Every structure is written in structure tokens, then in C-alpha cells.
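Dear colleague,

I am handing over the structure below, and my notes on what was found in it follow directly after. Please read them with the structure open beside you.

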Amino acid sequence: MRILLAAMLVALSLAAPAQAESMAAPPTGCGFQNLGTMPLTGATTAGTTLDGDRVYSVTSSASGPAMLAIRNASDATLIAEKPLPLALGSWAVTVAPDHSVYVGSYNATAGAMGRLFRYDPASDQVSELGIAVPGETFVWTVAASPDGTAVYGGTSPHGRLFRYDTASGRIDDLGSPVPGEQFVRDLAIGDDGTVYAGLGAQSMKVAVLKPDGTLIRVIEPPTDEQGYAYDLDIVGRHLLVRFATSTGTNPMGVYDLARKSWKDTVDDVDSLTVGGGRHGQAVYLVQGDELSKYDLKSGKIVKLGFTDLGGGAARPLGWVGTTLVGTSSTGRIWHYDRRTGKGTLFASTVTGQPVSVRSMGVGPDGRIYAGGFFTGGLAAYDPKTGESQFWPNVGQSEGIVTHKGKLYLGVYPGARIYEFDGTAPKELLNLATQEQDRPFAMVSAGDLLAFGTVPKVGTIGGALGLYDPATGKAVIKRDLIPGQSIIGLAYKDGVIYGTTSAFGGTSTPQGEAQAFAYDVATDKLIWQTTPVPGNLALGSITFDEDGKLWGLSPDSLYELDAATGATLRQVQHQTYPWDTVTQVLLDTNIELGRDGMLYGKVQGKAYKIDRATMKLTLIARPMSILLEGPDEHMYLSRFENFYTYRLCG
């Protein structure tokens with residue numbers, strides 16, 4: 001599972017209507033059946049750039065290929081869309097001096113990895129240049145040298161810097177500028193070819209390197225927080241660095257390259273790219289969802305009154321005459337005329353792409369609800385009729401659960417908890433200030449809604465949350481299991497049972513993964529154990545009808561005594577590379593079927609599990625999510641695809 005630790009906010013819109021659609025007929029018969037796709041679509045254009053009168057943006061796709069969209073900067077009309085083979089999307093688009101467009105992609109699928117592409121506007125052709133760095137799944141940033149001889153890129157999960165030689169076509173891995181950092185998040189290239197690399201997810205340092213990758217020095221951030229040096233830009237003698245911190249603040253540092261010191265820090269800068277042209281001392285950026293002008297000389301900020309930036313993350317790109325051209329991560333182009341002070345937002349003209357199913361849950365109305373990845377969105381499928389419904393502007397739901405007749409969503413980022421009534425999501429909680437991000441685990445726990453979270457990038461220590469809908473009161477127990485994230489939950493007779501991942505927002509595991517039992521009434525841990533020694537993440541858990549607690553980790557099936565936490569039985573079902581992984585959160589699902597069998601999803605495969613023998617029988621592969629439906633079916637998904645497995649015999 002790809003863990004993108006980027007803080008892209010997909011805004012929740014209360015005005016967007018649901019869309020009714022139709023799918024395949026309700027499933028009949030026994031066994032495996034393809035139901036088509038969930039109606040989750042959207043246009044997410046994280047990677048985008050401007051060259052003359054053209055805007056280049058990459059639209060992400062659930063199963064690929066991502067599309068390179070070419071639009072007129074003047075009116076946002078679509079010129080063409082070019083597929084990028086083996087790419088699911090991109091945050092990394094840049095233009096070289098010869099007007100070639102370079103794209104760095106992401107794809108965690110085996111054999112795909114993060115790749116480099118080149119679009120030649122003269123021939124109107126896209127060329128795939130190869131895997132950027134073997135083993136790296138994500139190219140976060142690309143930047144061309146001023147002389148056009150090289151294109152540099154930064155990756156994760158091992159924080160590598162690479163150099164593409166435009167003459168020979170050779171890609172060289174230049175190593176990790178600061179070993180131990182997971183991300184080279186952004187790059188800026190000076191006029192003399194000096195490379196500035198923004199790092200994360202812990203130190204937020206900026207590495208200064210020679211063109212051959214030799215480290216010259218490291219610039220320490222002007223803040224002690226953790227996170228990313230998220231965006232870099234060079235304007236005259238100043239290096240601008242926007243930091244994305246674990247506490248949710250986004251300060252922009254202004255670094256004087258001549259004096260080698262920080263000159264200023266600007267609070268709460270939201271734009272993904274600062275800069276926006278080099279007209280005198282002015283830098284255009286987004287602050288508080290409003291376009292603003294920052295004077296490098298005086299340090300003063302002037303709010304420009306333009307806020308219609310298209311939702312999502314706004315990105316100022318550059319100038320066409322006196323017009324500042326920018327984009328939104330929702331696929332829209334906007335203009336701001338600095339002479340008149342007027343702004344214009346254009347409708348999206350890029351083609352919406354299928355969105356991967358990120359989470360599934362059974363709603364109070366008996367429908368299967370599915371949350372979309374990255375672009376977000378929420379879909380519902382009715383097993384009785386085969387009809388579906390789609391709400392396009394709901395954030396990325398990590399967890400979905402029904403509690404006391406209502407549907408609840410756990411949304412990334414900021415570990416936001418929403419109540420959803422079928423028309424508009426209502427925010428109940430936001431744990432961003434407590435450094436929480438991903439509420440994967442959600443369970444109905446008596447009178448309370450319980451949820452477990454993964455912390456923000458650069459931090460450790462997840463939380464167990466307890467919310468009472470009757471009073472609106474919440475209790476958040478940060479670091480209940482010290483240093484670890486809570487990723488699996490079950491509930492029985494006043495006790496919440498949980499499992500953890502030893503990973504949080506860093507690549508360093510905090511011990512071995514734990515299972516625990518928490519008594520709600522006494523506010524105490526009853527027990528805490530290590531069910532599978534050596535495992536760094538345990539995954540989903542469930543009870544059987546005999547009161548035994550079952551768990552499925554990436555490499556083991558285990559049965560626990562709910563009273564003591566003792567491991568009654570354990571079997572290793574396959575191997576897992578625990579010694580090399582840098583991040584494992586929730587990668588399993590386990591459910592008790594109405595036929596008395598267990599059903600599980602792990603390592604991309606769905607299984608029927610015999611409790612007596614603990615034997616796993618393969619149902620289908622590849623699969624990403626498994627859920628017990630309200631009928632005699634298990635519902636499964638892979639990317640945007642939707643399936644069922646009927647429990648018969």
C-alpha cells in the first residue's frame with residue numbers, strides 16, 4: 001500500500017449534489033462475481049507547470065495510466081491528453097529550456113515504480129525514460145538545470161536524488177543527500193547549477209549540492225518542528241522554502257543565499273508553489289485560502305481579495321503578460337490580473353479519471369459505502385437493486401462505520417471525523433492539532449464511536465478516540481500504546497480491543513506491533529501483548545461466535561484469548577520483508593462470514609479461512625479491500641473495480 005504522506009486537503013463541499021448511477025444487477029448464485037466499478041471519479045492534478053501559453057497537468061488515475069493534459073493558459077481549453085504508461089499520477093512536472101516537459105510519476109505496483117517521462121511538444125510525443133531509481137515508488141519532484149543539460153528528481157521512500165542527462169539519456173542515482181530521511185520532497189536549481197533539495201519527513205532540512213550531487217552543506221530549518229521542506233523556489237538572491245509541519249502549520253522561510261541566513265518567516269502559507277514570477281520584489285502566494293502578495297524587501301504581505309481558487313490546493317505557476325496563471329489540484333485553472341486586481345476561475349476541462357476505492361463500510365441503510373483515494377468522493381451501492389449513488393466532494397475516507405443508525409467517516413488529513421446523513425458531511429472532530437492524520441480503525445463501541453489513528457508525518461504516537469454522539473463529547477487518548485499507531489479495532493461487552501503498527505509518521509518502527517484490551521468504564525488497559533513476535537504491524541481483527549479474537553497480519557493468522565490476550569494459535573501464511581520495510585500501516589481485512597468461515601484480505605489476495613485448521617484458501621487476486629456485506633456476500637475491491645463473493649455451501 002502506498003503511503004503518501006502529503007498533506008493535500010480535499011475540501012468537503014456541502015453544496016455538491018449526489019449523483020445517481022446504475023451498476024450491474026444484484027449478485028446471484030455462489031462464488032466470485034464482478035460487479036463492475038464503483039462510481040468514483042475525479043480530476044486530481046497535483047503535478048502541473050506553465051510554459052508560455054500552455055499549462056501542463058497530470059491527472060491521476062486509479063489503475064492507470066495517468067494522463068498528461070495540455071491546455072491553453074489563456075482560456076483553459078483542452079488541447080490534448082497523453083497517457084503515461086505505468087504511471088498512476090504525478091506531483092512532479094517541469095519544463096526544460098528546450099520546452100520539453102518532464103514528468104516524474106508514482107506507482108507502488110511491483111515492476112512499475114516511480115518513472116520519468118518526457119513530452120516533446122515539437123513531435124507531440126511522450127517518451128518513457130525508465131525507472132528513476134530502482135526500489136523507489138514515488139518521484140515527488142523534478143527540476144531542470146538552467147543550461148538544459150540535466151533534469152534532477154527526488155524520491156521516496158528512501159529519499160534519493162537522481163540526475164537525468166538530457167544528451168545521453170542516462171539516469172544516475174546520486175544517493176540520499178541526508179541519509180535517514182525518507183523524502184526528497186522538492187527541488188530548486190540555482191542559475192549556477194547548484195541544487196537545493198528539500199527533505200523530510202523528520203528534519204525539514206535543505207541540502208545544498210553541486211551539480212554532480214556532492215553535498216556542499218545543509219541548511220537547518222528556522223523551526224524546530226518535524227515534517228517536510230515541502231516547496232522550494234529561488235527568487236533573485238532568496239531561497240523560499242514552504243515547510244509542512246507535523247502540527248499542521250505551514251510557515252515559509254525566506255533564506256538569503258548571499259548571507260547564508262534566514263531573513264524572514266511567513267506564517268501559514270498554503271500554496272504548493274510559492275514564487276509565481278519574478279516581477280520586481282513581489283512574490284505571489286496563497287495564505288488562508290486567499291491570493292496574497294509578499295514583498296521580499298519589506299517583508300509585508302498584502303491580501304489581494306481573490307479566493308476563488310478552485311478548491312483543493314492552489315498553485316501559482318507564472319505569468320502570461322500581466323496575468324498570473326495558476327491551477328488547483330481539482331483540475332481547474334485560474335487567472336489573476338495584477339493591473340485590475342480581478343481574478344477568474346475556469347471550469348475544469350481535463351477528463352475525470354477513475355478513483356481507487358480506499359475504504360468500505362456497511363451503512364445504516366444496508367448499502368455498501370466506498371470512499372475514494374486521493375481525490376476523495378463517496379459512493380454507495382445497494383445490494384438489493386444494484387443501483388449506486390455518488391457524492392463527489394467528500395474527502396479521502398480512511399475508515400467508514402455505522403454507529404447507532406448513522407454513518408461515520410474517518411477522513412484524512414487531520415484525522416477528521418464526520419457524520420454523514422446522505423446529503424452533507426458534518427464535521428465532528430479534527431485531530432490535526434494533536435498531530436493525528438489517518439483514522440483507519442473505526443468501530444461501534446456501545447454508546448460510543450471508537451476510532452484509532454496514525455499520526456502525522458515526522459511524528460510517532462497514534463491515538464484512541466472515543467466520541468459520544470449523544471453529548472458531543474470526545475476523549476482522545478494519545479500514545480495509549482507508546483509510540484505506536486492504532487490500526488485495528490473490535491468491541492465486545494464494554495471492552496475495546498485493538499492492534500497497532502509500530503510505525504507512525506517516520507520510517508523507524510517503535511518496537512514490535514501490539515494487541516491490547518481497553519476497559520471503557522475503568523479507563524484502563526486490561527492487557528497488552530505481542531501476538532506475533534517480529535511483526536511490525538498486525539492489521540484487522542474480529543470476533544467469532546465463540547468469543548475468540550482473530551487477527552490477520554501481513555504474514556500470520558492468529559487467535560487470541562480475549563480475557564488475557566494470550567495467543568492461542570498462530571500460523572504463518574506467507575513471508576513478509578519486515579527487515580526492509582520503511583512503513584507498514586493497515587494492509588489486512590478479516591471478517592467472520594455468515595457461513596462460520598473467516599474471510600481475509602492480505603498482501604493483495606482474498607482468502608476463505610477454515611478456523612479449525614487455520615488453512616487459507618485463495619478466492620481471488622489481486623484484491624485491496626474485503627468487507628462483509630449485509631447479505632450473504634463478501635464485497636471486495638481492487639483499484640476502482642468492485643466484486644462480490646457469495647457465501648454458499
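A word on confidence should come before anything else: this is a predicted model, and over residues 1-16 its pLDDT stays under 50, although the model has 55 contacts beyond four places in sequence for that stretch. For the protein chain as a whole the average pLDDT is 92, and 95% of the residues score at least 70.

Turning to the interior, the largest nonpolar core consists of 16 residues, and those with the most contacts inside it are Trp91, Tyr106, Tyr228, Tyr230 and Phe374. Two elements, β12 (138-144) and β20 (227-235), are the ones that give two or more residues to this core. Tyr106 can serve as a way into this region: when its neighbours within four places in sequence are left aside, its contacts include Trp91 and Phe374, and also Leu88, Met113 and Phe138. Ser60, Ala87, Gly89, Ser90 and Thr137 are likewise in contact with Tyr106.

The next region to look at is the hairpin of β16 and β17. Strand β16 (residues 183-189) is largely enclosed by the rest of the structure, because 7 of its 7 residues are buried. β16 pairs with β17 in the antiparallel sense over 6 bridges, and within this pairing Val184 has Leu199 of β17 as its bridge partner. There are 5 residues between the strands of this hairpin, in which Gly193 takes a positive phi near 90 degrees.

Some backbone features deserve a check by eye, and two of them fall in the loop that follows β17. The peptide bond from Gly200 to Ala201 is cis, with omega near 25 degrees, and Ala201 is placed in the loop between β17 (195-200) and β18 (206-209). Met204 is found in the loop between β17 and β18 as well, and it has a positive phi of about 60 degrees although it is not a glycine. Is Met204 buried or exposed? With a relative accessible area of 0%, Met204 is buried.

Leu86, which is not a glycine either, has a positive phi of about 65 degrees and lies in the loop between β7 (78-84) and β8 (89-95). Leu86 counts as partly exposed because its relative accessibility is 47%, a value that falls between the 20% limit for buried and the 50% limit for exposed.

A further cis peptide bond runs from Arg621 to Pro622, with omega near -5 degrees; Pro622 has its place in the loop between β55 (615-620) and β56 (625-628).

Strand β56 also belongs to an open sheet of 4 strands, whose order is β2-β58-β57-β56 and whose pairing is antiparallel. β2 (31-37) and β56 stand at the edges with a single partner strand each, so that one side of each is left without a neighbour in the sheet. From one strand to the next, the twist averages 25 degrees. Within this sheet, strand β57 (residues 633-638) and strand β58 (residues 641-646) run antiparallel and are joined by 6 bridges, with His633 standing opposite Arg646 in β58.

When you go through the model yourself, you may wish to begin with the cis bond from Gly200 to Ala201 and the positive phi of Met204, and then to turn to the cis bond from Arg621 to Pro622.

With best regards

Terms used: Residues are numbered from 1 along each chain as its sequence is written. This is a predicted model: local features need pLDDT of at least 70, side-chain atom pairs count only at pLDDT 80 or more; totals for chains, interfaces and linings use all residues. Side-chain values use heavy atoms; hydrogens and water are left out. A nonpolar core is a set of buried Ala, Val, Leu, Ile, Met, Phe, Trp, Tyr and Cys residues joined through side-chain atoms within 4.5 Å. Buried means under 20% relative accessible area, exposed over 50%, partly exposed in between (1.4 Å probe, protein chains only). Contact means heavy atoms within 4.5 Å. pLDDT is the predictor's confidence in each residue, from 0 to 100. Two strands pair if DSSP finds at least two bridges between them. Axes are lines fitted to C-alpha atoms, for helices over the stretch in contact, and angles run from 0 to 180 degrees between N-to-C directions.
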